[in-house]
Amino acid sequence: MGCVLLVMALLAAACGNEPAGNSASRDAGTPKRGGSLTILRAADIDGWDPDKAIQLATFQTLPQVMEGLVRYAPDGKSIEPGLAESWKLDAKAKTITFTLRPGLTFSDGRPLTSQDAAFSVELWRKGLSLGTLYAAITATATPDPRTLVIKMSKASTFTLTWLSNGSSVIVPKDFGGMNRKDFFAKPIGAGPFVVTSYRPGRQLVLERNPRYHDPARPYLDRLTYDVVADPNQQMLRYQSRQADAIEAVPLDLAAQIPREEQVIVHPSATIHGIFVNAARQPGNDLHFRRAVSLAIDRARYIQAVFGGLAAPATGGLPPRVQGSVGCGCTYETGLDKAKRELAQSSYRPGTKVELVVDATTPFSTRAGETAAALLRAAGIEVDLQKLEVQVLVDRQAKGAYDLSLGEVGSVSPTVGDIFGLIVATGGLYSGLPMKTISDAFARLEVARTDQERAEAVRVAETWIHDNLPYIPTAFPDRLFAVSPKVKGLNVTPFLSYPADLLWAA
Amino acid sequence: MPAGRLRFVAGRLLQVVPVLLALLLIVVLLQQLMPGDPARVIAGPRAGAEQVARVRHDLGLDQSTAGQFWTYLTHLSHGDLGRSNRTGIPISAIVGERAAVTVWLLAGGLLVSTLLAVPAALVMALRPRSVAARLCARSLTIILNCPPFWVGLMLASVLALRTGWLPVGGFGEDTGDRLRSMVLPSLTIGLAAMPLLARSGAASLRQVLAADHITTARSLGLSGWPLLRRHLLRNALPPAVTLLAVQAAALLFGAVIVEQTFGLPGLGAEMVNAASQRDFPVVQALTLIFGTAIIGINLLADLAVALLDPRTTWR
């Protein structure tokens, strides 16, 4: 998909903290080989099958074991060589020719050739969940063991950037003679790490892949991810140095992390917003949706919900990735205007409007309460329902809601990946026709220059602003807790980091 | 074993079967009523209706309730607990890996609660007006009012975070680590279970103390440890064993909270995780295991009581 539906599983705010804006750990000195680190994460990966990737942790972790042809640069702004040492677009930009690095092997010692890469491309294309994002690819060719040619139906510049996302991984041809399920139970790749042990929902231990193409990396001998859902337990383990870092600390707990140990992504390439069911009343009325948008005082909302650790949404698509331009318009706020819009809508005063939120985190329930209070002030009778995440997702998918709070974020250096999710989910479950967004994506896909890209994105942004299939409210920050032992951490706006660059002080 | 006792045990075991079947049926029925679609969870937010339907079919969720129940029973009769919907891992492997944590936790909890409750019960029963008895009674009231997760956090903050003597959470990798990692969770769960055990034990002892045979024994000059061992504890033990069995069941559910608090990868934590992810095969299997454990513990307690109490008739 390229985007992840988080449904408010994360985060809240520490009062009074000014965002530091640093998304890298303080690195002193040259990287040192050896050592181990333990990182805590609240949610486990979705498994090793790339088509099952939903959680950010999955996009982050898969390429550490199964590297792709290209990878995102540590700053997240561009792509750089992965297993392919170079690539070339033909004059029409409809063919990408990748040259694989010489002497590549999988971690079990088998040679990695273009045949494996071609098999992997087919695997991505046929993916039930993410396959549509590779739709431009029509065929592959392998003229020699180090050359992979990807042919496309159009000059898709998006495809090349998208290939740096964490699900475009290279696996052995025919899964090395295994079936798909068995292979992804114990995956083999050519990434910087190998899986030493994986206990789902509990712990993932990665160790240095001695056959990795870069003999200098990874710097660490061992990297352990402990899955700890309880934020208090996370904090205790971090404070006692049982763990060296926490991915995405709930913002409620930010005050407990010393400033010098905070790595803040400000803002992340994430949209926090109110999803509207536009397939039924009152959400099907644009005046009502405008009233909702106007009722949300974004400055107050951000202070109350995120403790200031967020930026007001200036567009409907994620910021800080390739193609992010904002809408060039304003998501206005004003109680009087909201009331006027509401008066023009088909909404009848007193009618209950369900606002469904995730009940499992204090952050999401606080967000729900804040949004409900602001909407009530505008005259919308909100019935706040706090639901379990899975129930919430199910109700969104079935259209059994009026309003819901949620977050979506990019998982690659391009804003294009979020288009896929928006189109596939009917405008994040709004039910509105997505033709404009589809068309904008088609333009974005073949954009050759930043200007062309901006024009395509602007069309989508304007449509989102004018039609409000969802109401963007904030671009939240993400906070990593990083002990002085951890060096080399560079978190991209889309919240991935190359783990092979981590080193232990 | 005498025939009467064998018949007793066999009879009790047979009674277990319909209870377990009923338990399973209830779980299957409750799953049908639970909101949230496991197929949607697995298929992901981008999946269309057709893909979700395919996943539903693969999981057998498109079968009728009776069909699902029958399929489950058929597999179960072959010792197959099924596979996790989320991870595809055989549930027997998940249980095998996680059961040890829960067993360690329960054993530790029972040990702590018994070690603390028995002396407290004796003091409160034998010296009811003493300062120690009053202190015990007050302490029990306070402990009873402290939620286990809060107690756990406090213990971890004070005894682990500040001193570094013990880990704040996790299960460790070797036996030494694991023993250390079990101290605080065992203390937490043991403290949660202790007040009821101590109070009931004290009440039971007081009842026995008031019995005629104790008065007679005292009039014959028996006192101190001989009186305690031969007459008091022996008669107070059967109700205490029954209570201990009930406590073990309570501990099993307490383990769910304590495992979450200390980040222990036990069956309780897995149950919570599986239920929240709508991983029904895991929920079913763990319900079956928890149910069997509770029934087994009660069965053992019944047998122990029958053996301890000479008035038992083996019918």
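**Note on the predicted two-chain model**

1. In chain B, residues 24 or more positions apart account for 71% of the contacts with a separation of 6 or more. The model is a predicted one, and this figure is best read beside the make-up of chain B, whose secondary structure comes to 12 helices and zero strands. Along the principal axes, the C-alpha trace of chain B spans about 85 × 60 × 35 Å, and of the 315 residues in chain B, 35% are buried.

2. Chain B is divided into domain 1 (3-77) and domain 2, the latter made up of two segments (95-203 + 236-308). The C-alpha centres of domain 1 and domain 2 of chain B are 29 Å apart, and the contact between them draws 13 residues from domain 1 and 14 residues from domain 2. On the side of domain 1 of chain B that touches domain 2, the elements giving two or more residues are helix 1 (3-33) and helix 2 (38-43) of chain B, with helix 1 giving the most, nine residues. By class, that side of domain 1 holds 10 nonpolar residues, two polar and one charged.

3. The largest nonpolar core has 225 residues, and those with the most contacts inside it are A:V292, A:A295 and A:F480. The largest share of this core nevertheless comes from chain B, where helix 5 (residues 91-126) supplies 14 residues. Because domain 1 and domain 2 of chain B both give residues to this core, it lies between them. As for A:V292, once its neighbours within four places in sequence are left aside, it is in contact with A:I274, A:V276, A:L375, A:L403 and A:I471.

4. Between the chains, 31 residues of chain A are in contact with 32 residues of chain B. The elements that give two or more residues to the chain A side of this contact are helix 4 (180-185), helix 5 (231-239), helix 10 (389-398) and helix 11 (416-424) of chain A. The side of chain A that touches chain B has 13 nonpolar, 10 polar and eight charged residues.

5. One of the chain A elements just named, helix 10, is mostly covered, with nine of its 10 residues buried. The buried residues in helix 10 of chain A are A:V389, A:Q390, A:V391, A:L392, A:V393, A:D394, A:R395, A:Q396 and A:A397. After helix 10 of chain A comes A:G399, whose phi is positive, near 75°.

6. Helix 9 (residues 212-219) of chain B is a case to set beside this: of its eight residues, the number buried is zero, so helix 9 of chain B lies largely in the open. Just after helix 9 of chain B, B:G221 takes a positive phi of about 95°.

7. Within chain B, helix 7 (residues 148-161) and helix 10 (residues 224-261) pack at an angle of about 35°, with their axes 9 Å apart, and the crossing of helix 7 and helix 10 of chain B is right-handed. To this contact helix 7 of chain B brings B:P148, B:F149, B:G152 and B:L153, while helix 10 of chain B brings B:G254, B:I257, B:V258 and B:T261. By class, the contact of these two helices has five nonpolar and three polar residues, and no charged residues.

8. Helix 10 of chain B also contains B:Q247, a residue that counts as buried because it has 24 C-beta neighbours inside 10 Å, the threshold being 20 or more. Leaving aside neighbours within four places in sequence, B:Q247 is in contact with B:S113, B:A193, B:L196 and B:L197. B:Q247 and B:L110 are 137 residues apart in sequence, and their C-alpha atoms are 8.3 Å apart in space.

9. In chain A, A:S86 lies in strand 5 (residues 84-89) and is exposed, since 10 other C-beta atoms lie within 10 Å of its own, where 12 or fewer is the limit for that class. Not counting residues up to four places away in sequence, A:S86 touches A:P81 and A:T99. A:S86 and A:I96, which are 10 residues apart in sequence, lie 10 Å apart in space, C-alpha to C-alpha.

Methods:
Residues are numbered from 1 along each chain as its sequence is written. Chains are lettered from A and ligands numbered from 1 in the order in which they are written. This is a predicted model: local features need pLDDT of at least 70, side-chain atom pairs count only at pLDDT 80 or more; totals for chains, interfaces and linings use all residues. A nonpolar core is a set of buried Ala, Val, Leu, Ile, Met, Phe, Trp, Tyr and Cys residues joined through C-beta atoms within 7 Å. Helices (H or I, at least four residues) and strands (E, at least two) are DSSP runs, numbered from the N terminus. Domain bounds come from an automatic or database domain assignment. Two residues are in contact if their C-beta atoms, placed from the backbone, lie within 7 Å. Ala, Val, Leu, Ile, Met, Phe, Trp, Tyr, Cys and Pro count as nonpolar, Asp, Glu, Lys and Arg as charged, and the others, Gly among them, as polar. Axes are lines fitted to C-alpha atoms, for helices over the stretch in contact, and angles run from 0 to 180 degrees between N-to-C directions. A crossing is left-handed if the near helix is turned anticlockwise from the far one by less than a right angle, and right-handed if clockwise.
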